[in-house]
Amino acid sequence: MSPRIGLALGGGSARGWAHIGVIRALADAGIEPDLVCGTSIGALVGAAYVGGELDRLEAWVRSLRVQTVVSFLDFSLGGGLIKGDKLIEFFRSHFVDRDIRELARPFGAVATDLQRGREVWLREGGVSDAVRASIALPGLFTPAQRDGSWLVDGGLVNPVPVSLCRAMGADLVIAVDLNADLLGRHLKPRPAAAARKRAPANPENLTDSVMARIQTGMSQLGLNSGNGPRPPAMLDVLASSINIMQVLITRSRLAGDPADVMVTPLLANLGLMEFHRADVAIDAGRRAMEAAIPQLNARLNGMNGA
């Protein structure tokens, strides 16, 4: 009997569009996973794939521009800088939104119980609700409430959900880690305050656009900092902190429960919120999966011959 193949799609914010390239490369090789699990952005792409919406999702993300991404930001200081409601409402209205148990193949998403600090596996209920909980990146998106608990991004506890794939019956797990080469890559020198005042924001630079939106909200609350040495930008600090956390947690989790085939797209130059650079991410995902196909075929042949 052929082994059941599980696909574990890891978290990584905008780098998650690489999962689309991974799935395309698998399809080109004639390999179709029997079940899919996702953390954070991996849950979003995985849900679209299992729900038969991957073509529509890919067309949409390739069309994204900076202005579109910024339009999804609903500034808040209540649990996170961004509520996330606009993004999820768009996802709910344009893509698959039905009960997880009604999908074409088994699917699971990972979130974190904020109060108890425990891992939560979302395998029933609405697809968009599960995705919303799984992508609630701490400090950025506000938490999601489910069954009386506040849930945040599953990357806090299980950035690459190999264990969930195993629990759902996978004999062979293909895991996609989006954060393997990221430590320290987001910290950039900050110009002096006077220079920043003279230089207008580049409308094609998402960091400038996002920071302008956040800075406006902070100004209204009297939270602007004064003169003096400038620390790294807030989003750079947030991105680097998240990278450190997820890289170390991923290493620890995978050491105890390794994947059969590990796919690591090279995405260090893609920013946390650069969702408009989907072409770069998708191409990187495809290349990484294509490079891993010989190893995957060898594992499959070995299991089929056993």
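This is a short tour of a predicted model, with a suggestion at each stop of what to select and what to look for.

**The whole chain**

Start with everything shown as a cartoon. You should be able to pick out 11 helices and 10 strands in the protein chain. Switch on the surface for a moment: about 13,400 Å² of the chain is accessible, and carbon and sulfur atoms make up 52% of that area. Of the 306 residues, 54% count as buried. If you like contact maps, here is a number to keep in mind: among contacts with a separation of 6 or more, 79% link residues 24 or more positions apart.

**The largest nonpolar core**

Now hide the surface and select W17, I174, M289 and L296 as sticks. These residues belong to the largest nonpolar core, which has 70 members, and they touch the most other members of it. Add residues 278–305, and you have helix 11, the source of the largest share of this core with 10 residues. In soluble globular proteins, nonpolar side chains tend to be buried together.

Centre the view on I174 next. Which residues does I174 contact, leaving aside its neighbours within four places in sequence? Select I5, G6, L7 and A8, then L26, then V261 and V263, and finally M289 and L296; together they make up the set in contact with I174.

Before moving on, colour L35, V110, C165 and V173 differently. They are among the 15 residues of another core, which lies apart from the largest one.

**The start of helix 11**

Select A278, which lies in helix 11. Is A278 buried or exposed? A278 is buried, because its relative accessible area is 0% and buried means under 20%. Beyond residues up to four places away in sequence, A278 touches W17, V61 and R62. For a distance to try in the viewer, take A59: the two C-alpha atoms are 9.9 Å apart, although A278 and A59 are separated by 219 residues in sequence.

**Strand 4 and its partners**

Select residues 107–113 to bring up strand 4, where seven of seven residues are buried. Look at one side and you will find F107, A109, A111 and D113; turn to the other and you will find G108, V110 and T112. Both faces are covered.

Add the pairing strands in turn:

- Residues 35–39 are strand 2, which pairs with strand 4 in the parallel sense over four bridges. Here T39 stands opposite V110.
- Residues 118–122 are strand 5, which runs antiparallel to strand 4 and is joined to it by five bridges. T112 has E119 as its bridge partner in this strand. Stop at the hairpin too: four residues lie between the two strands, and G117 takes a positive phi near 70 degrees.
- Residues 149–153 are strand 8, pairing with strand 4 in the antiparallel sense over three bridges. In strand 8, V152 is the bridge partner of T112.

**Last stop: D153**

Stay in strand 8 and select D153. Which side chain of opposite charge is nearest to D153? It is R132, 8.8 Å away, and D153 is buried yet has no salt bridge. To see what surrounds D153, show the residues it touches beyond four places in sequence. Among them are A111 and T112, along with T39 and S40. The run from A133 through S134, I135, A136 and L137 to P138 also touches D153, as does Q246.

Note on methods. Residues are numbered from 1 along each chain as its sequence is written. This is a predicted model: local features need pLDDT of at least 70, side-chain atom pairs count only at pLDDT 80 or more; totals for chains, interfaces and linings use all residues. Side-chain values use heavy atoms; hydrogens and water are left out. Buried means under 20% relative accessible area, exposed over 50%, partly exposed in between (1.4 Å probe, protein chains only). Contact means heavy atoms within 4.5 Å. Accessible areas come from the Shrake-Rupley method with a 1.4 Å probe; for residues, only the protein chains shown count as cover. A nonpolar core is a set of buried Ala, Val, Leu, Ile, Met, Phe, Trp, Tyr and Cys residues joined through side-chain atoms within 4.5 Å. Two strands pair if DSSP finds at least two bridges between them. Lys and Arg count as positive and Asp and Glu as negative; His and the chain ends are not counted. A salt bridge is a side-chain nitrogen of Lys or Arg within 4 Å of a carboxyl oxygen of Asp or Glu.
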